[in-house]
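Let us go through this model by question and answer. Salt bridges come up early, then burial and the surface.

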Amino acid sequence: MSTRTTAAGTRVLTKVAVRIMPFLALLYFVNYLDRVNIGFAAPNGMRKELGLTSTAFGFASGIFFLGYLLLEVPSNLALHRFGARRWLARIMITWGALATVMAFVPNATTLVILRFLLGVAEAGFFPGIILYLTYWFPKAQRAKAVALFMTAVPVSSALGSTVSSLLIAHGNGMFGLTGWRFMFLVEGVPAMLLAFVTWFFLTDRPEKARWLNEDERTWLAAELDAERRATEAEFHWPLRKALTHPRILALAFVYFAIAYGLYALGFFLPTIIAGFNQQFGTKLSVVQAGLVTAIPYVVAAVVMVFWARHGDRTGERKWHVVLPMVLGGIAIPIALYLGNPYAAMAAVTLCAVGVISALPTFWALPSNFLSGTAAAGGIALINSLGNISGFAAPYLTGWLADLTGSQRAGMWAVGICLLAGSVVALALGAHPRREREV
């Protein structure tokens, strides 16, 4: 019987979700925070101390993703071969060490080098977890599972903005470091500690899960194996096809557009809010600015989970990606033209809701026609190419800010990119039951 209607199946999947989802969300919380905390450092002393222009800051922020791009696919194939717990632990040790070293960066050149190496170290982490979820959740529950995992994005942006702001505000002078350096030092340590927990806590496959009883292991393994065989029989996607097919490249562009909006917000929202003082005469302390930065992400986290559940319940996928992208694309350029900070934050919040709500259902799409090694390679390639936006978004946003003297041009670029991606998603006809051509 389908996992959508079987009560016993629902109990097993609930047990799996309770066991692994909070831990995976915690890992991604730490990962995402280490990736974007440079955005909090910038307006709080780092740019001035290192002599960074907006363009130079954008380059240093974005070069992380060029390093990420190089090793994404081989890293995910290694995870598929060696198992998630070993490979994720390895990734976390190396990224945590580099994130901590960021506290001692002496100049802009070293900052760029360390950001590049941090991207190399983190390669494979996010697509590895997306792949890992396909080992535990059938298609009908996958978008909700991804949404639960990805609550770490808005939570890390919301809670992380507050934590980072507190560390900067109260860490100044600790160990002889300025506040932003102390933040880097403290926020790099959890990744290394959690690497050891990952090694012992995660289970690679349902067949090895001693925390499930024998009947539960047998049921879940059989359900997922039957689904894998059905997918392979219908679509016939080997690894080579998954790395070269135009549909994968089109999905990569859609993800590029979503991630462009996500990273533009992540890296420059703290700077935009810091600019409210000049634009609106609003005076905010470092901690108050962090709390204001959290608002869009708190709202987005709630909406994202409900939107993903609605997509799983109805089985509709295409519009659950397209509509949020359109919302984000329209809202973000408007934000900086509004006449008061409350209206501006409302528009930014709508953008965050749109961008973040599109993510879970998007990641349910490739696993609808990819499985096994093809899924490992295809998901990694989509994430790798899509994350070029992690370089493009901060660099172009910073360059446009330097060129025009305003954040407005950069936000228009975000809006145009999101709308272009929504058109491609619409043209793909992403509903799996209609993808006979692949």
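Q: Which residues are linked with Asp-225 in a network of salt bridges?
A: This is a predicted model. In it, salt bridges link Asp-225 into a network. Its partners there are Arg-228 and Arg-229.

Q: How many Å apart are the closest N and O atoms of Asp-225 and Arg-228?
A: A salt bridge needs a side-chain nitrogen of Lys or Arg within 4 Å of a carboxyl oxygen of Asp or Glu. Asp-225 and Arg-228 form such a bridge. The closest N and O atoms are apart by 2.3 Å.

Q: Why are Asp-225 and Arg-228 separated by about one helical turn?
A: Both residues sit in helix H12 (residues 214-235). Asp-225 is partly exposed at 27% relative accessible area, and Arg-228 is partly exposed at 32%. The separation is about one helical turn because, along H12, the two are apart by 3 residues.

Q: How many residues apart in sequence are the parts that Arg-181 and Glu-49 tie together?
A: The side chains of Arg-181 and Glu-49 meet in a salt bridge, 3.0 Å from N to O. Arg-181 belongs to helix H11 (residues 179-201), Glu-49 to helix H3 (residues 46-50). The pair therefore ties together parts whose distance in sequence is 132 residues.

Q: Is Arg-181 buried or exposed?
A: Buried means under 20% relative accessible area. Arg-181 has 11%. Its partner Glu-49 has 40% and counts as partly exposed. Arg-181, by contrast, is buried.

Q: Which residue meets Asp-312 in a salt bridge?
A: The N to O distance in this bridge is 2.9 Å. Asp-312 is buried, and its partner is buried too. That partner is Arg-317.

Q: How many salt bridges does the structure hold?
A: The pair Asp-312 and Arg-317 is one case of a salt bridge. Asp-225 and Arg-228 form another. For the whole structure, the total is 6.

Q: How many of the 9 residues of helix H4 are buried?
A: Helix H4 spans residues 54-62 and is largely enclosed by the rest of the structure. Its buried residues include Phe-57, Gly-58 and Ala-60. The number buried is 7.

Q: What accessible area do Ile-295, Val-299, Val-302, Val-303 and Phe-306 have together?
A: These residues form a nonpolar patch on the surface. One of them, Val-302, lies in helix H16 (residues 286-314). Val-302 is partly exposed, at 48% relative accessibility. Together the patch residues have about 420 Å².

Key
Residues numbered from 1 in each chain as written. Predicted model: local features only at pLDDT ≥ 70, side-chain atom pairs only at ≥ 80, totals over all residues. Heavy atoms only, no water. Patch = residues over 30% accessible without salt bridge, like charges linked within 9 Å, V, L, I, M, F, W, Y side chains within 5 Å. Areas by Shrake-Rupley, 256 points an atom, 1.4 Å probe, with all protein chains shown as cover. Helix = DSSP H or I, 4+ residues; strand = E, 2+ residues; numbered from the N terminus. Buried < 20%, exposed > 50% of the residue type's maximum accessible area, 1.4 Å probe, protein only.
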